[in-house]
Amino acid sequence: MHSIYAGKKHTVRAFRLPRVGRIAGDRTQEIQIQAIEKDGLRLSVWEMAGRPEFHAFQDFMFPNLGKYSSHQAPPMFMFVWSSITHRKDRRDGMQRKQEEEFEIGFRYWLKFLASKRRQSNATLKVIVVFTRADQMELLPAALSSSITSLRKQFKEVIDIVEPAFEVDARKKGGPVNDVLECIFDIAKQILQDVEVYDICTQVSEHLSEYSKMTKQRIITWSEFSDICIRRFPVLDDEARLQAIALTLNDSGVIIYVNNAANIVLDPNWFCSQIIGSLIHFAESTSSKRTMKIQGFADRVFLEKKLESITKSEA
């Protein structure tokens, strides 16, 4: 999740498991999504950019954590934090963070998760990972104390998993494997309490195959209906299709807003190439002069920008 230059990308890469999609570059420039698999269990990993300009989009993309039923598995979360920050004005390019920065950042994200949870009996699982273990001989007492304090404050809604992990993502095995084992152990525990409809899994696999075969990343609701009904006649019902689409959206398989005209079949492409490009463009100095008043842009401007993004990929 948070923070800037925390080492999220390299930590996930260090899992060294079969995965869908790729991780490129040195810094997370957008929300990146991939799947990791182990012992027949496949998990969708959403790697969140830590920078503030992405927070509004993250708020939109996060599912409503309070509407999970016995047929929907709630997500788990991993908070990744580094005690080192990058500084271009220093010879070694690095500077150690103040320990209170951890509690400020972690509390911010715990409040965010709690606000998304709303009315639910499910307690959200959060794993804490400290990167750059080579710069931390032992977990400082102040950090350990902060985790204990926050665990007590949020215990009614969030379960901060013990212990916290210290990893060096540049090295194989060891603590990185411990994190991985913890993730899959928690996933198995969650799934024990959830009865996932087989039809959701089947539709998910069918849409993935369809997208790969046709190279389509966005389809209309009508196309979605036709694709599903042809393969699964039992879904010839608008309410059932809506339920399937919303469930797959909350699972990170597709992006769909209730009653929307289109469905995104490739969330990773949409988050990285479309939203990421728009945010970078809006943040650049030159583009701010072409934007409308106070950062708002009219429809024509956005259409031209989106067209240029999609054409550059063709």
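Colleague: What makes a stretch of the protein chain count as a helix or a strand, and how many of each are there?

Modeller: Both are DSSP runs numbered from the N terminus: H or I over at least four residues for a helix, E over at least two for a strand. On that basis the protein chain has 11 helices and 11 strands. Mind you, this is a predicted model: local features need pLDDT of at least 70, side-chain atom pairs count only at pLDDT 80 or more, and totals for chains, interfaces and linings use all residues. Residues are numbered from 1 along each chain as its sequence is written, and side-chain values use heavy atoms, with hydrogens and water left out.

Colleague: What share of the residues is called buried, and what makes a residue buried or exposed?

Modeller: Of the 314 residues in the protein chain, 43% count as buried. Buried means under 20% relative accessible area, exposed means over 50%, and partly exposed is what lies in between (1.4 Å probe, protein chains only).

Colleague: And what share of the contacts comes from residues 24 or more positions apart?

Modeller: Among contacts with a separation of 6 or more, 63% join residues 24 or more positions apart. A contact here is heavy atoms within 4.5 Å.

Colleague: On to the rings. How many aromatic pairs are there, and what makes two rings a pair?

Modeller: There are 10 aromatic pairs. Rings of Phe, Tyr and Trp (its six-membered ring) pair if their centres lie within 6.5 Å; planes under 30 degrees apart are stacked, over 60 edge-to-face, and the rest tilted. Take Trp81 and Phe102: their centres are 5.4 Å apart and their planes sit at 70 degrees, so this pair is edge-to-face. The pair links distant parts of the chain, with Trp81 in strand β4 (residues 77–82) and Phe102 in helix α3 (residues 99–117), 21 residues apart. Trp81 and Phe102 are both buried.

Colleague: Why are Trp221 and Phe224 called a tilted pair, then?

Modeller: Their ring centres are 5.2 Å apart, so they pair, and the planes at 35 degrees make the pair tilted. Both residues lie in helix α7 (residues 221–231), 3 residues apart, about one turn of the helix.

Colleague: How do you know whether Trp221 and Phe224 are buried or exposed?

Modeller: Trp221 has a relative accessible area of 13%, so it is buried. Phe224 comes out at 0%, so it counts as buried too.

Colleague: Which residues share a cluster with Trp81?

Modeller: Phe79, Trp81, Phe102, Phe106 and Phe130 form one aromatic cluster.

Colleague: What touches Phe102 from helix α4 (residues 141–153)?

Modeller: Ser146, which sits in α4. Setting aside neighbours within four places in sequence, Ser146 is in contact with Phe102 and Glu103. At 9% relative accessibility, Ser146 is buried.

Colleague: How do you know that the span of α4 is close to what's expected?

Modeller: The expected span is 1.5 Å times one less than the number of residues. α4 has 13 residues and reaches 18 Å from its first C-alpha to its last, close to the expected 18 Å.

Colleague: Which residues of α4 are buried, and where do they lie around the axis?

Modeller: Leu143, Ser146, Ile147, Leu150 and Arg151 are buried. They cover an arc of only 130 degrees (from directions running from the helix axis to the C-beta atoms), so they are on the same side of α4. The face turned away from that side carries the exposed residues Ala141 and Lys152. The buried residues pack against β4, α3, β7 (124–131) and β8 (158–160).

Colleague: How many disulfides are there, and what makes one?

Modeller: There are 0 disulfides; one would be a pair of cysteine sulfur atoms within 2.5 Å. Cys200 is buried at 9% relative accessible area, and Cys228 is buried at 1%.

Colleague: What makes Asp39 stand out in its backbone, and is it buried or exposed?

Modeller: Asp39 has a positive phi of about 55 degrees although it isn't a glycine. It lies in the loop between β2 (32–38) and β3 (41–47). At 62% relative accessibility, Asp39 counts as exposed.
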